[in-house]
Amino acid sequence: MEVSPMKKYAAECFGTFVLTLFGCGSAAVAGATLGTLGIAMAFGLSIVAMAFVIGNVSGCHINPAVSFGLFLDKRLSAKDLVGYWVAQFVGGIIAAAVLALIIGMCDLGGVLATGLGCDGYEAASAVGLSMIGAVIVEIILTCIFVLSVLGSTADEKTAPFAGIIIGLTLAFVHIMGIPLTGTSVNPARSFGPALMMAVNGDMTALSQVWVFIVAPLVGAACAAGIWIAFKNKKTA
């Protein structure tokens with residue numbers, strides 16, 4: 001039975017909500033305890049969990065960059081691309097709002113003190129990465145991540161394990177990316193927390209969020225180009 005578009009969009013909204021709440025929440029609430037590896041695993045395990053919950057409903061993209069890569073590979077229609085994007089951004093915003101509410105009820109110094117798991121560059125980067133550096137890093141990390149999605153879901157042999165493969169790859173790119181930019185590779189995951197930080201009076205993340213929207217989409221386009229080139233060689 002074909003899944004209705006609204007059910008797909010609802011699944012994408014829910015999946016992005018879970019990814020953003022648990023991934024960014026781990027960074028904001030327990031980042032000092034978990035460290036880079038712990039936060040990376042929180043994001044990766046969110047993908048694994050959601051893949052088995054909504055994978056058969058929407059494909060579990062829960063990331064505008066992933067949806068864009070699949071669109072470029074002609075596995076997603078333009079109509080669904082727009083629907084997925086809207087749903088994903090809504091899910092990210094709701095998750096960030098819930099996270100801000102939870103933090104507000106904790107003794108953590110308030111939302112601004114936690115950072116809400118926002119991404120950033122220059123002073124907002126743990127290592128002071130420049131804006132150009134952030135663009136390059138996010139393009140590369142997203143390219144690798146989206147390639148893992150395109151590759152693992154294209155073959156019937158690997159498709160049953162795609163959720164695990166993709167989740168581990170997301171954790172893998174976070175390990176390098178967290179000290180550099182905080183690791184976005186997902187515009188919806190970046191926009192929600194940045195918006196909530198702005199609502200609470202800190203505009204830094206929102207002023208920088210364009211990097212974490214544009215660069216992941218460019219990275220996804222690069223991944224699609226590489227994948228299509230590899231695929232054509234394989235089938236030639």
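In this predicted model, Thr169 is found in helix α6. Thr169 is buried, with a relative accessible area of 13%, which falls under the 20% limit for that class. Leaving aside residues up to four places away in sequence, Thr169 touches Ile144, Phe145 and Ser148. Phe145 also appears among the residues with the most contacts inside the largest nonpolar core.

That core has 56 residues. Besides Phe145, the residues with the most contacts inside this core are Ile62, Leu99, Leu116, Val146 and Leu170. Two or more core residues come from each of α1 (5-58), α2, α3 (78-104), α5, α6 (162-180), α7 (187-199) and α9 (211-235). The most is given by α1, with 14 residues. For Leu99, the contacts beyond four places in sequence are with Leu21, Cys24, Gly25, Ala28, Val29 and Leu116. Leu116 is thus both a partner of Leu99 and one of the residues with the most contacts inside the core.

Ile62, another of the residues with the most contacts inside the core, lies in the loop between α1 and α2. Ile62 is buried, with a relative accessible area of 0%. The backbone at Ile62 has a positive phi of about 40°, although Ile62 is not a glycine. Most residues other than glycine have a negative phi. A second positive value, near 50°, is found for Val185, which is likewise a residue other than glycine. Val185 is placed in the loop between α6 and α7. With 1% relative accessibility, Val185 counts as buried.

Helix packing is considered next. Two packed helices are described by the angle between their axes and the distance between the axes. For helix α2 (residues 64-72) and helix α5 (residues 131-154), the axes come within 10 Å and cross at roughly 60°. The two helices α2 and α5 are therefore oblique to each other. The crossing in which α2 passes α5 is right-handed. On the α2 side, the contact is made by Ala65, Val66, Gly69 and Leu70. On the α5 side, the residues are Thr142, Phe145, Val146, Val149 and Leu150. By class, this contact of α2 with α5 comprises seven nonpolar, two polar and no charged residues. Phe145 and Val146 belong to this contact and are also among the residues with the most contacts inside the largest nonpolar core.

Helices α1 and α3 pack with their axes 13 Å apart, at an angle of about 40°. The pair α1 and α3 is therefore oblique. Their crossing is right-handed. In the contact of α1 with α3 there are 15 nonpolar, eight polar and four charged residues.

A further packing of α1 is with α7, where the angle is about 80° and the axes are 10 Å apart. Helices α1 and α7 are therefore roughly perpendicular to each other. Here Thr16, Thr20, Cys24 and Phe43 in α1 meet Ala188, Arg189 and Pro193 in α7. The residues of the contact of α1 with α7 divide into four nonpolar, two polar and one charged. Cys24, which takes part in this contact, is also touched by Leu99.

Two partly exposed positions complete the description. Thr153 lies in helix α5. Thr153 has a relative accessible area of 34% and is partly exposed. Not counting residues up to four places away in sequence, Thr153 touches Arg75, Ala162 and Ile166. Between Thr153 and Gly163, which are ten residues apart along the chain, the C-alpha atoms are separated by 9.0 Å. Ala124 is placed in the loop between α4 (111-114) and α5. At 40% relative accessibility, Ala124 counts as partly exposed. From C-alpha to C-alpha, Ala124 and Pro64 are 23 Å apart in space, with their places 60 residues apart in sequence as the separation.

How values were computed
Residues are numbered from 1 along each chain as its sequence is written. This is a predicted model: local features need pLDDT of at least 70, side-chain atom pairs count only at pLDDT 80 or more; totals for chains, interfaces and linings use all residues. Side-chain values use heavy atoms; hydrogens and water are left out. Axes are lines fitted to C-alpha atoms, for helices over the stretch in contact, and angles run from 0 to 180 degrees between N-to-C directions. Helices (H or I, at least four residues) and strands (E, at least two) are DSSP runs, numbered from the N terminus. Angles under 35 degrees count as roughly parallel, over 145 as roughly antiparallel, 65 to 115 as roughly perpendicular and the rest as oblique. A crossing is left-handed if the near helix is turned anticlockwise from the far one by less than a right angle, and right-handed if clockwise. Contact means heavy atoms within 4.5 Å. Ala, Val, Leu, Ile, Met, Phe, Trp, Tyr, Cys and Pro count as nonpolar, Asp, Glu, Lys and Arg as charged, and the others, Gly among them, as polar. A nonpolar core is a set of buried Ala, Val, Leu, Ile, Met, Phe, Trp, Tyr and Cys residues joined through side-chain atoms within 4.5 Å. Buried means under 20% relative accessible area, exposed over 50%, partly exposed in between (1.4 Å probe, protein chains only).
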